[in-house]
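Please open the structure in your viewer and keep the sequence beside it, since this tour moves from one selection to the next.

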Amino acid sequence: MARSTKEEALETRNRIIDAAEEVMFARGVAQTSLADVADAAGVTRGAIYWHFKNKGELFEAMVERVRLPAEALMQTPAPQFLNDPLGHLRSSWVQLLQEVALMPRTRRILDILFLKCELVDRDDPIWIRQNECHMNWLETTERILKEAISLGQLPEDLDVHLAVLTLHSHINGLLNNWLFAPSIFDLAQVAERLIDACLDSLRYAPSLRMK
């Protein structure tokens, strides 16, 4: 009986997260209430509060179902990339873009994060989560680029800070553009070329050299 009850609780929790994903994708985060989620999940608000103390905690549980850009980079490199930081960077971003294009859940959650997540209150757990991911993304990218320079994969005089900002802008803009209008281009098909273009700018653009 206890095992059955535990399984039922897990099923209810997953159903609530599924409903949050659907409702936030349709309405946006700010316009979604816990009552909306409860209705979509077919549960009471009390059932939601049994599993999540607030909307921010529910949002975090939903986001944890997919890899975020910073988390993709922070994963341990595959064996072939242990001494190839630039290869790890390229592989992680290509895989991320292909997951967004081909996996419906990843696409929906990234769509919520990039297009339907209104960040206005800096004390809101959702804002805090987003800011932490943003800073982790920048810091991890900087560390990888420095490792690539030390191994001769990138020029010694690369302006790392500017390079990190450039890459971040490219990836952010690319995801925003495709999520907003996915019919414009086949993201999965051109993911490798788009990432290679970003990395080539680090190797060859004079504007990214230290002055």
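Begin by selecting helix α4, residues 55-63, where helices are DSSP runs (H or I, at least four residues) numbered from the N terminus, and colour its buried residues, which are Gly56, Leu58, Phe59, Ala61, Met62 and Val63. Buried here means under 20% relative accessible area, with exposed over 50% and partly exposed in between, for a 1.4 Å probe and protein chains only. This is a predicted model, in which local features need pLDDT of at least 70 and side-chain atom pairs count only at pLDDT 80 or more, while totals for chains, interfaces and linings use all residues. Residues are numbered from 1 along each chain as its sequence is written, and side-chain values use heavy atoms, leaving out hydrogens and water.

Next, add helix α7, residues 104-115, which packs against α4 at an angle of about 135 degrees, with the two axes 10 Å apart. Axes are lines fitted to C-alpha atoms over the stretch in contact, and angles run from 0 to 180 degrees between N-to-C directions. Show the side chains of Phe59, Met62 and Val63 in α4, which meet Ile109, Ile112 and Leu113 in α7, where contact means heavy atoms within 4.5 Å.

Stay in α7 and select Asp111, which counts as buried because its relative accessibility is 6%. Leaving aside residues up to four places away in sequence, Asp111 touches Phe25, Lys116 and Leu179.

Finally, move to helix α2, residues 34-41, whose buried residues are Leu34, Val37, Ala38 and Ala41. These residues lie on the same side of α2, because they cover an arc of only 100 degrees around the axis, taken from the directions from the helix axis to the C-beta atoms. After α2 comes Gly42, with a positive phi near 70 degrees.

Technical notes. Helix = DSSP H or I, 4+ residues; strand = E, 2+ residues; numbered from the N terminus.
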